[in-house]
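I am opening my notebook on this protein and want to look up its cysteines first, then the spaces inside it.

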Amino acid sequence: PLPPLPRPHPAKGIHKCRKMGQDIRNTVGNVPMEWYQDYPHIGYNLDGKKIFKPIRNKDELDEFLDKMENPDYWRTVHDKMTASDIRLTDEQVDLVHRLQKGQFGDVNFNEYEPSVDFFTNEVMIHPVTNRPQDKRSFIPSLIEKEKVSKLVHAIKMGWIKPRKPKETTPQYYDLWAKEDPNAILGRHKMHVPAPKMRLPGHEESYNPPPEYLLTEEERLVWEQQDAEDRKLPFLPQKHSCLRAVPAFSRFIHERFERCLDLYLCPRQRKMRVNVNPEDLIPKLPKPKDLQPFPTTMSLVYRGHTSLVRCISASPTGQWLVSGSDDFTVRFWEVNTGRCMKTLEVGGAVKSVAWNPNPAVCLVAVCFEHTVLLLNPSLGDRLVVSSTDQLITAYEPPEEDKEQAVTWALSEGLEHNKGHRLTLTHPKAVKQVVWHGKGDYLSSVMPDNSSNLQVLIHQVSKRRTQNPFRKNKGLVQCVSFHPLRPYFFVATQRYVRVYNLIKQELTKKLMTNCKWISSMAIHPGGDNLICGSYDCRLAWFDLDLSTKPYKMLRHHKKALRGVAYHRNYPLFASGADDGSVIVCHGMVYNDLLQNPLIVPVKVLKGHQITHDLGVLDVTFHPTQPWVFSSGADTTIRLFT
């Protein structure tokens, strides 16, 4: 609010102020001084001129210095009307003291004046009033009569009981009733009785058995020990008879110690919870009830001469493809273990992937800078021929766009070997993975300095696109969602989930691992497992949280591969300790029920070679069987 304008005071008011001895330099009247807070002045004087505030307000430091140095500080008062400090006179200080003591302000006032009797105790001739008495003062009241009759009726009916006479018999109190520790009202609610003293034993006898007496060495040791460390607080001694026993020198000292123990030693009742350790272990079903799952090693596929890095099963489950560091790709018949075909490629095979669409017979193989699409010509003749037709039916577009990858159709000798398309990449390819429909595939080229790490290829149109503009870290592996248009990208520590239609990041999963090695997505699409080189397996429930639902630390060494089964509630992990651990992972349709994870079997069989054990695991598409490839050049089938 604006500061009020000065009002000219009538002379009467001024004279009145002067009479009362007030300071009338500020004429704003009864106005709150806070209104002038933001203005340089604090009101107006008698002539209507502004009264300006002092230039500098006192801060805490000035106040403190004033308190220390100014001898009149105690009698200085701050006046809000003029914003100045006023020193009180002696008379004013006396007045304040008197008022604080509850005395009268005026010194000359006598509070003990003789009292004047206005009304005397003598009856005068003329009364104060001479009014005749009311009629109601000598006629019984009807209302009271009614009340009395009601009370009489209530007493007759027994509704109102007469007061009982007080009993005069003396009452006695038992002072010690509450002292009994066993009583319900024991001395305290939490009374803890003092610990009893130990009863004397043989060593305290005046004639103890000889084995209780200390030898000279033991006596020296006893004397050198601290009082707290000694087993006995005294030295056992032998006397010929009870008369020869002297008085115990430490008797009073010991009694005193006991008294101190009793009243200084804090005692507390600890509530002990009797927990059965069995109840703390989660109740998991027995593995016997969770069958079927692989338990025994049935077949060993031998033929490779170097470590087998990757395996993949055909969608029918009849064939298996494997890639090795011996520069070969081998095709096996699952049921017999027979090697159907061996193809030599120009480098160590890093990843193989069989097309998941049963109507297309294609296998993607990656080595060095190349991704090769092979037609192994195994199985149904019609599928093999229709796949070849699909590849040859491609018509190039009118205008060629520049792509990160060069596509080449294989001809002649290579075509006879089974090569169909060659995709030459600018960098070394580590992983290749198919989309569920079988037309798209993605390849990974780990490189921390570039945003060209993940490429998505469409086989029918022979086009390649780089979905990411920015580099979010070193990409380890990628995967397509089995049902929805989502794409999972695992870097060293995080898994990012992208929506391919909206082209945006949907989720970022924190794996709590140091270095992710592998990833698998549940066929239902709402759960995911990540293996890492720091021996952990993280299970994520995508609907629940971005942090792991469960962390499994069953392996002793780095995990190399993880896989889910397409139909059974099973998942497996292979690690450098040479073992494959199969777990039961049941995902319920009821959203309120969390997944049930139970480890059911440790499968051993692979030899550890050059500190490497199992390098890849994959499940059979229809049977509860698991394949594992190892550094010992073998592939093993557990059924």
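The entries below record what I looked up, one topic at a time.

**Cysteines.** I kept in mind that this is a predicted model, and I began by asking how many disulfides the count comes to. The count comes to zero disulfides, and I then went through two of the cysteines by name. For Cys-310, the nearest cysteine sulfur is that of Cys-366, 7.0 Å away, and because a disulfide needs two sulfur atoms within 2.5 Å, I noted Cys-310 as being in no disulfide. I also looked up its surroundings and found that Cys-310 is buried, with a relative accessible area of 4%. Cys-339 is in no disulfide either, since the nearest cysteine sulfur, that of Cys-310, lies 14 Å away. Cys-339 counts as partly exposed, at 28% relative accessibility.

**Largest pocket.** Next I looked up the largest pocket, whose volume is about 1,600 Å³. Its lining has 49 residues, and those closest to the centre are Gln-431, Val-433, Met-519, Val-562 and Thr-618. Among the elements that give two or more residues to this lining are strand S6 (308-313), strand S15 (431-434) and strand S31 (614-619). By class, I wrote down 27 nonpolar, 16 polar and six charged residues.

**Cavities.** I then found three cavities of 30 Å³ or more. The largest cavity has a volume of about 110 Å³, and its 14 lining residues include Phe-468, Lys-470 and Val-489; the lining divides into five nonpolar, six polar and three charged residues. The second largest cavity, of about 50 Å³, has Cys-535, His-554 and Cys-583 among its lining residues, and no charged residues line it.

Conventions:
Residues are numbered from 1 along each chain as its sequence is written. This is a predicted model: local features need pLDDT of at least 70, side-chain atom pairs count only at pLDDT 80 or more; totals for chains, interfaces and linings use all residues. Side-chain values use heavy atoms; hydrogens and water are left out. Buried means under 20% relative accessible area, exposed over 50%, partly exposed in between (1.4 Å probe, protein chains only). On a 1 Å grid over the protein atoms alone, a cavity is a set of points where a 1.4 Å probe fits but cannot get out, and a pocket is an open set with protein on both sides within 12 Å along at least five of seven lines; lining residues have an atom within 4 Å of a point. Grid points are joined across faces, edges and corners, and a volume is the space filled by probe spheres set on the points. Helices (H or I, at least four residues) and strands (E, at least two) are DSSP runs, numbered from the N terminus. Ala, Val, Leu, Ile, Met, Phe, Trp, Tyr, Cys and Pro count as nonpolar, Asp, Glu, Lys and Arg as charged, and the others, Gly among them, as polar.
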